[in-house]
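Please open the structure in a viewer and keep the sequence panel in view. The tour below proceeds by selections, each followed by what is to be found there.

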Amino acid sequence: MYNFKEYLLDLSRNSNVDFKLISEDGEVLFDSIKNENFDDLKCVDLMLEGSRASLYVKKEFEICASILKYSIESKYKEIFSLREKIFVDMLEGKSITSESLYSALPFLSSKCTLFLISVNKNKYEVLNILKEYYEKEDIVIFVYGDYIAIVGTFEDPDEHAVSIKEMIESNAFSSCYISYVNFEGDTTAFVKSFKSAQSYIEIGKRYNLQNRIYNNESLLFEKTIYNVSFDVKEEIYNKFKDKLSKLDNEMINTVEEFLNAGLNISETAKKLYIHRNTLIYRLDKILKDTGYDIRDFRQAAIFTIALLIWKEKNNIH
């Protein structure tokens, strides 16, 4: 598959013109100029399928800027396929007939899955890695806003989410958040699924959850806390802020691992690579410092709610 980055590299080589291409959110899509001062460069704005970008060339090549702009915009439109564009059009509220939708995307008429991915590095680099991986499959991948979306039919979405995460971490060396929603149907179903998947990642980031893969079932507890009224959150925060402030990062991590392990001491000790007695000592210390014994289910539930609200209030990520 001839991807956009390969095209830009060929364009620079064949034209003998070095240039930079930077997206509107500051991501460097291509740079063959490297360490040139921006004051010495000519800037031309261009559009990449609804997203603004800036093209920089050396002032001596200013006459070539308009030709480069046309070439880049045209090629991006060609690479940005019809099927990808249909998904973007749906998200932007453009009218699409059912006939044209199912003609271009027949798998939408049966159960399929939307994966939404947020990365902490250049999303276009990750996009190219994913497109190479899915090159021979009937999968649609595109960028929309801050997210990379993958839509298709998958046997086991749970396992596939783990595979996507491992692929991104090992090939792009980037951490990521992944959410997924199973859906079936038309524009309404897809847009609703996209918004749900988006909210899952937002909740995961807001509460700095250790797990980075989310679906509707995995976030039921956090979604409940997320929708608690401001006044109730303030009441709980004020009651617990002094207690939780006594816990350092190691103790917070111990609490989270213990809760994630379903209050299982042996499993938590293995995950933390510590002796069982060391974990018991830490749990006793948490009880002493906070007055809550998180080995008790009820107290653990209350403590979890307080911890999530405390992290949200202090913007701990």
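Throughout this tour, two residues are said to touch, or to be in contact, when they have heavy atoms within 4.5 Å. The coordinates belong to a predicted model.

**The whole chain**

Begin with the entire chain in cartoon representation. The chain contains 13 helices and nine strands. Its C-alpha trace spans about 70 × 50 × 40 Å along the principal axes. Of the 317 residues, 46% are buried. Where contacts join residues at least 6 apart in sequence, 60% of them link residues at least 24 apart.

**The nonpolar cores**

Next, select Phe 87, Leu 105, Phe 142, Phe 190 and Phe 303. These are the residues with the most contacts inside the largest nonpolar core, which has 58 residues. Now centre the view on Phe 303. Which residues does Phe 303 touch, when those up to four places away in sequence are not counted? They are Phe 240, Leu 244, Leu 247, Val 255, Ile 286, Thr 290, Tyr 292 and Ile 294.

Then select Val 17, Leu 29, Met 167 and Ala 172. They are included in a second, separate core, which has 42 residues. In soluble globular proteins, nonpolar side chains tend to be buried together.

**Helix α1 and Ser 12**

Select residues 4-15, which form helix α1, and find Ser 12 within it. Ser 12 has a relative accessible area of 7%, and is therefore buried, the limit being under 20%. Display its surroundings: apart from neighbours within four places in sequence, Ser 12 is in contact with Val 17, Asp 18, Phe 19, Phe 30 and Ser 32.

**The loop at Glu 24**

Move to Glu 24, in the loop between β1 (19-23) and β2 (28-31). Is this residue, Glu 24, buried or exposed? Its relative accessibility is 57%, so Glu 24 counts as exposed, the threshold being over 50%. Leaving out residues up to four places away in sequence, Glu 24 touches Ser 51, Arg 52 and Ala 53. Add Asp 146 to the selection: 122 residues separate Glu 24 from Asp 146 along the chain, while their C-alpha atoms are separated by 11 Å.

**Two residues with positive phi**

Select Phe 173, in the loop between α6 (157-171) and β8 (176-183). Phe 173 is not a glycine, yet its phi is positive, at about 50 degrees. Phe 173 is exposed, at 65% relative accessibility.

Continue to Asn 208, which is found in the loop between α7 (187-206) and β9 (213-214). Asn 208, also not a glycine, has a positive phi of about 45 degrees.

**The kinked helix α9**

Select residues 230-245, helix α9, and orient the view along its side. A kink of about 40 degrees is centred on Lys 239. Show the side chains of Lys 233, Tyr 237, Phe 240 and Leu 244, which are buried. The buried residues of α9 pack against α8 and α13. Phe 240 and Leu 244 have appeared before, among the residues that Phe 303 touches.

Proceed to Lys 246, in the loop between α9 and α10. Lys 246 is exposed, with a relative accessibility of 53%. Select Ser 103 as well and zoom out: Lys 246 and Ser 103 are 60 Å apart, C-alpha to C-alpha, and 143 residues apart in sequence.

**The largest pocket and Glu 256**

Finally, select Glu 222, Glu 256, Leu 259, Asn 260 and Thr 304. Of the 22 residues that line the largest pocket, these are the closest to its centre. The volume of this pocket is about 520 Å³. Colour α8 (220-226), α10 and α13 (297-313), the elements that give two or more residues to the lining. The largest share, seven residues, comes from α13. By type, the lining divides into 12 nonpolar, seven polar and three charged residues.

End on Glu 256, in helix α10 (residues 249-260). Glu 256 is buried, with a relative accessible area of 13%. Not counting residues up to four places away in sequence, Glu 256 touches Asn 208, Gln 210, Leu 307 and Lys 311. Asn 208 thus returns to view, the residue with a positive phi of about 45 degrees.

Definitions and conventions:
Residues numbered from 1 in each chain as written. Predicted model: local features only at pLDDT ≥ 70, side-chain atom pairs only at ≥ 80, totals over all residues. Heavy atoms only, no water. Core = buried A, V, L, I, M, F, W, Y, C linked by side-chain atoms within 4.5 Å. Buried < 20%, exposed > 50% of the residue type's maximum accessible area, 1.4 Å probe, protein only. Helix = DSSP H or I, 4+ residues; strand = E, 2+ residues; numbered from the N terminus. 1 Å grid on protein atoms, 1.4 Å probe; cavity = no way out; pocket = protein on both sides within 12 Å on 5 of 7 lines; lining within 4 Å. Points joined across faces, edges and corners; volume = space filled by probe spheres on them. Nonpolar A, V, L, I, M, F, W, Y, C, P; charged D, E, K, R; others polar. Bend = angle between axes of the 7 residues up to and from the residue.
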